[in-house]
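Ready for a few worked exercises? Have the viewer open and try each task before reading its solution.

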Amino acid sequence: MLTTLAIAHYRSLRDFIAPLGRLNLVTGPNGSGKSNVYRALRLLAETARGGVIPSLAREGGLPSTLWAGPERFSRGMLTGEDPVQGTRRSEPVSLRLGFAGDEFGYAIDLGLPAPDLRPADKRTKFSLDPIIKRECIWNGPLLRPSALLVDRQGASMRTRDDSGEWQTIAQPVASFDSMMTEFSDPRTAPEMIAVRETIRSWRFYDHFRTDSDSPVRQPQIGTHTPVLSNDGADLAAALQTIREIGDPAALDAAIDDAFPGSRIEITNLDGRFEVVMYQHGLLRPLKAAELSDGTLRYLLLVAALLTPRPPALLVLNEPETSLHPDLLAALARLIAAASAHSQVLVVSHAARLIAALERERDSQSIVLEKELGATRIVGVDELDMPAWKWPSR
Ligand SMILES: Nc1ncnc2c1ncn2[C@@H]1O[C@H](COP(=O)(O)OP(=O)(O)OP(=O)(O)O)[C@@H](O)[C@H]1O
Ligand SMILES: [Mg+2]
């Protein structure tokens, strides 16, 4: 389980450290940084899949994602006497993402390459690509030199062997590759493989498309689907998988909880699976193409939350979208049940969902607000903050 999430200089998350529990609710007004927390976690997950640099580039690269405020605020800027203004940079550009759990911690530090002094025709065209400057994996909740297990500094990487001696890996790591995707030998870096596999199990669900052309509304070839895809196209197969190898009683209960008297069936026509829903008062079941947006979104969330293969971490971004407030209590019950098998983080605006989840045991609210453009957590004492140390360059 993750106990700390740490982000620095990523959008409005200038210096953001959040304690995490079993079931986390991220809330706050528009623009307070909720989606930034979601995106930062997803970027962190991309490191283990080898996609952190392309993902950053799709978001506009470092010029867009780097904290747009000054390196530090002067006393006058904080009291409002002086305007907020930039000063000459004294520190290198550095976007940092990290987490720590009971067992391991991981941090990555991204920056820009040193100015290229070669003649123009010899220069790389990728000069705006961020560079991975440092990556570390350590033992326990806090980075201490003695707890460091795997350490990448620029192109060189070293791991600690059984006797605690550092072994440098001969092969250099490219500036755009995470050390986690570069090395797969479980003998030299077993902790790294463990961290990588945990991160790869993290699952993210953002808005599902349910418009009339959405793949969710079309019959799809069905194969065993213990994990609903991100676009939900395999909804029918995922629901059938829950019925066969998951918890079919929980599935039926979740449908009845939201739509009393209704039930779903999965039809199979020449290998193409489709969800149909029997509703009280209707003579024939309705196909996915005929269901309302909210009904379909609820079914998608049911499939995501009742997965027979729970991830280490499940992150939901605004799951309430287009759900009627009356459905939110049923959704909250599903989320709470999922948190028995996975650590869960929910980003939400919906007061009813938040209120229902706050009543759950082990839930904790992370209420965000913005101060001088930077996201901070409301009402946490400095003393309650988990200890965190970034690796230096
Ligand atoms: N590079 C940047 N530097 C500083 N702040 C940034 C940067 N990029 C975006 N922001 C700020 O981040 C905020 C957007 O945060 P985010 O999208 O996480 O809000 P939100 O809490 O999800 O809001 P909503 O409820 O509207 O979805 C904006 O206020 C924007 O000013
Ligand atoms: Mg948002």
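**Exercise 1. Find which residue in S18 is the bridge partner of Glu-371, then work through the rest of that hairpin.**

Step 1. Look across to S18 and you'll find Ala-374 as the bridge partner of Glu-371. Helices (H or I, at least four residues) and strands (E, at least two) are DSSP runs, numbered from the N terminus.

Step 2. S17 and S18 pair in the antiparallel sense, over 4 bridges. Two strands count as paired if DSSP finds at least two bridges between them.

Step 3. Now the turn: 2 residues sit between S17 and S18 in this hairpin, and Leu-372 there has a positive phi of about 50 degrees.

Some ground rules before going on. This is a predicted model, where local features need pLDDT of at least 70 and side-chain atom pairs count only at pLDDT 80 or more, while totals for chains, interfaces and linings use all residues. Residues are numbered from 1 along each chain as its sequence is written, chains are lettered from A and ligands numbered from 1 in the order in which they are written, and side-chain values use heavy atoms, with hydrogens and water left out.

**Exercise 2. Work out the strand order of the open sheet of 6 strands, and see what packs on it.**

Step 1. The order reads S10-S15-S16-S3-S17-S18, and the pairing is mixed. At the edges are strand S10 (203-205) and strand S18 (374-377), each pairing on one side only.

Step 2. On average, neighbouring strands here are turned by 20 degrees against each other, direction ignored. Axes are lines fitted to C-alpha atoms, for helices over the stretch in contact, and angles run from 0 to 180 degrees between N-to-C directions.

Step 3. For the parallel part, take strand S15 (residues 313-317) and strand S16 (residues 343-347), joined by 5 bridges. Leu-314 has Val-344 in S16 as its bridge partner.

Step 4. Helix H11 (residues 351-358) packs on this sheet, touching S3, S16 and S17, with its direction at about 150 degrees to that of S3. Contact means heavy atoms within 4.5 Å.

Step 5. S3 and S17 are also parallel, with 5 bridges, and Leu-25 stands opposite Ser-365 in S17.

**Exercise 3. Trace the order of the open sheet with 8 strands and find the helices lying across it.**

Step 1. Going across, you get S2-S1-S4-S5-S6-S7-S8-S9, with antiparallel pairing. Strand S2 (13-19) and strand S9 (166-168) are the edges, and each pairs on one side only.

Step 2. Neighbouring strands of this sheet are turned by 10 degrees against each other on average, direction ignored.

Step 3. Zoom in on strand S6 (residues 131-139) and strand S7 (residues 148-153): they run antiparallel and share 5 bridges. Glu-135 stands opposite Arg-152 in S7.

Step 4. Helix H1 (residues 34-47) lies across strand S1 (2-10), S2, strand S4 (95-101) and strand S5 (104-111), at about 100 degrees to S1. Helix H6 (residues 190-201) lies across S4, S5, S6, S7 and strand S8 (156-160), at about 80 degrees to S5.

**Exercise 4. Which residue takes a positive phi in the hairpin of S12 and S13?**

Step 1. Strand S12 (residues 263-269) and strand S13 (residues 272-278) pair in the antiparallel sense over 7 bridges. Asn-268 has Phe-273 in S13 as its bridge partner.

Step 2. With 2 residues between the strands, the one to pick is Asp-270, whose positive phi is near 50 degrees.

**Exercise 5. Describe the surroundings of ligand 1.**

Step 1. There are 18 residues around ligand 1 (a heavy atom within 4 Å). Gly-31, Ser-35, Asn-36, His-349 and Lys-370 come nearest.

Step 2. Sort the shell by type: 4 nonpolar, 10 polar and 4 charged. Here Ala, Val, Leu, Ile, Met, Phe, Trp, Tyr, Cys and Pro count as nonpolar, Asp, Glu, Lys and Arg as charged, and the others, Gly among them, as polar.

Step 3. H1 gives the largest share of the shell, 3 residues.

Step 4. Check the N and O distances. An oxygen atom of ligand 1 is 2.9 Å from an N or O atom in the side chain of Asn-30, and a nitrogen atom of ligand 1 is 3.4 Å from one in the side chain of Arg-11. For Gly-33, a backbone N or O atom lies 2.9 Å from an oxygen atom of ligand 1.

Technical notes. Polar contact = N/O pair within 3.5 Å; in protein donor to acceptor, adjacent residues only side chain to side chain.
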